[in-house]
Each structure stands twice: as structure tokens, then as C-alpha cells.
Amino acid sequence: MRIYRATDYDDMSRKAANIISAQVIMKPNCVLGLATGSSPLGTYKQLIDWYNKGDLDFSEVKSVNLDEYKGLSRDNDQSYYYFMYNNFFKHVNINLENTNVPNGTEPDSDKECARYNKIIEDLGGVDLQLLGLGFNGHIGFNEPDEAFEKMTHCVDLQPSTIEANKRFFEKIEDVPKQAYTMGIKTIMQARKILLVVSGEGKAETLYQALYGPITPHVPGSILQLHPDVNIVADEAALSKCPR
Ligand code: F6R
């Protein structure tokens with residue numbers, strides 16, 4: 001495990017974007033596992049900036065996103081596809097046909113999860129998986145539980161996750177109650193992991209994930225077992241971790 005200490009959110013975003021850039025430069029047709037949320041937003045902005053300067057080329061890159069709300073269509077402004085399209089895809093030269101996000105409008109969970117697992121398998125797995133960390137320790141939408149879930153599956157979101165995400169919806173009733181997400185096994189099979197964490201509010205969770213017991217109660221703690229995990233976090237998020 002390698003921890004990159006950033007001074008603040010912007011520094012974290014630049015350091016994380018550097019790691020993704022290195023991946024894209026070293027392997028132009030790589031498979032990037034992508035995440036949504038506030039943590040990677042600055043990373044995407046930095047990548048777009050470098051793309052605009054002519055330093056990056058995404059034309060051969062393929063992507064698979066971690067998760068999507070069940071029940072939301074791509075054009076819903078709270079869907080994760082909408083987030084990815086508007087915050088990253090439309091600003092760079094990635095071929096939209098090479099981007100993948102679970103289909104939130106597929107009501108048959110077994111069918112959608114099998115389809116998504118097959119996509120990842122056919123792509124030959126993920127080269128670099130970008131992750132954020134939930135306040136409750138979730139990665140993707142793998143919520144704290146009795147057991148580690150495996151491949152792509154449908155989850156019931158926890159009240160704390162619904163609460164954390166309600167800021168994006170008009171009212172809490174509008175927050176979807178379920179999501180499709182890559183499982184812990186899918187994430188752990190990525191060849192390289194990049195976890196970005198910012199802010200004091202995540203400090204205790206980050207400490208538990210990196211230094212606490214490996215337990216499904218803190219899903220991010222499983223990353224301690226991954227052979228190539230890179231954590232880019234700011235001073236505030238690392239404030240409870242040993243130097
Ligand atoms: C997003 C995802 C989630 C977020 C996590 C942190 O695709 O899978 O696990 O990474 O909820 O969200 P932020 O970054 O908004 O604090």
C-alpha cells in the first residue's frame with residue numbers, strides 16, 4: 001500500500017490525475033474503472049485540462065464505472081451516467097462506445113449484473129480502478145454488511161448513504177433505494193487501485209479502512225489485501241493516520 005499525502009483537495013486531485021495519466025500514457029488502450037462523487041471530480045477536471053493541452057489521448061481507452069442507481073435513466077441528471085458524461089466523457093476524446101456504466105433502467109437485476117460482469121470479463125479486467133470512500137466505509141456501493149459481496153450485484157442502500165446523497169435530490173424520497181454495483185471481488189481483481197479521499201469528515205473511516213481490522217463492516221478495509229493499492233488523500237483525511 002502506498003499513501004500519497006496531499007496538502008488539500010486540489011493537490012489530491014492533481015496527484016491522482018498524475019497516476020491516471022501515467023496509466024493512459026503507458027497503456028493507451030487500458031481499461032479504467034471509474035467512480036462518481038465529489039472526491040474524483042477535481043481529478044476529472046485536471047485530466048480534462050491536460051487533455052486540452054494536448055498531453056493526453058483517450059481515444060483508445062475503455063472504461064467501466066463502478067455503479068449506477070437502479071431506476072434512473074441515463075438522461076436523469078442524478079444518474080451516474082449523466083455525471084460521467086457531463087463531468088468527463090464529453091470533454092475528452094474517449095469513444096462513448098468504449099464507456100460502460102450499469103444500466104439503471106434494467107429492472108431484472110440478475111440479467112443486468114450478468115451483462116455487466118461479462119463486459120468486464122470481455123475487456124480482460126480493469127487495469128486501474130479509481131475509488132472514493134463512503135462515510136460508512138463503502139467502496140462502490142458495497143455497504144457495510146455481514147459478508148463481502150462478490151461480483152456485480154444489486155444492493156439496498158443504507159439509510160446513511162441515502163442521507164449522504166439526498167443533497168443531490170429535491171427531497172429524500174427521490175433518492176433511489178437500490179443500486180447496481182461492482183462487487184468487492186470485481187474491485188479486488190483490478191490490477192491497480194487508486195483511492196482518493198478528502199476532508200476531515202472521512203478521517204476516522206480512512207483510518208479504519210487502512211489500519212483497522214479487515215471486516216465487511218468497513219468494506220474499504222479489504223483494500224489492505226490488494227497487492228497494488230495507491231491512496232491519495234489530503235492532510236485532513238489523513239489526520240487520524242500515523243505519519
Ligand atoms: C461513486 C461510488 C461511491 C463514492 C463514495 C464517496 O461511484 O461508488 O462509493 O465513491 O460514496 O462519495 P464522495 O466522493 O461523493 O464523498
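Here, Ala, Val, Leu, Ile, Met, Phe, Trp, Tyr, Cys and Pro count as nonpolar, Asp, Glu, Lys and Arg as charged, and the others, Gly among them, as polar. All views come from a predicted model, where local features need pLDDT of at least 70, side-chain atom pairs count only at pLDDT 80 or more, and totals for chains, interfaces and linings use all residues. Residues are numbered from 1 along each chain as its sequence is written, and side-chain values use heavy atoms, with hydrogens and water left out.

**View A. The second largest pocket and its lining**. This pocket (an open set of points on a 1 Å grid over the protein atoms alone, where a 1.4 Å probe fits, with protein on both sides within 12 Å along at least five of seven lines) has lining residues with an atom within 4 Å of a point. There are 15 of them, and Asn142, Glu143, Asp145, Glu149 and Val155 lie nearest the centre. Sorted by class, they come out as eight nonpolar, three polar and four charged. Strand 7 (residues 153–156; strands are DSSP runs of E, at least two residues, numbered from the N terminus) chips in the most, with four residues. The space inside is about 170 Å³, counted as what is filled by probe spheres set on the grid points.

**View B. The largest pocket, where the ligand sits**. The ligand takes up this space (more than half of its atoms lie within 2 Å of the grid points). About 720 Å³ lies in here, and 33 residues line it, with Thr36, Gly37, Ser38, Asn165 and Arg167 nearest the centre. Helix 5 gives the most to the lining, with four residues. Strand 4 (67–69) and helix 3 (80–87) are also on the list of elements supplying at least two each. The lining holds 13 nonpolar, 16 polar and four charged residues.

**View C. Close in on the ligand**. Of the 15 residues around it (a heavy atom within 4 Å), Ser39, Asp67, His138, Gly140 and Lys202 come nearest. This shell splits into four nonpolar, eight polar and three charged residues.

**View D. Ligand oxygens and their polar partners**. A polar side-chain atom of Ser39 lies 2.5 Å from a ligand oxygen, and a side-chain N or O atom of Asp67 is also 2.5 Å from a ligand oxygen. Gly140 uses a polar backbone atom instead, 2.6 Å from an oxygen of the ligand.

Notes
A polar contact is a pair of N or O atoms within 3.5 Å; within protein, one must be able to donate a hydrogen and the other to accept it, and residues adjacent in sequence count only if both atoms are side-chain atoms.
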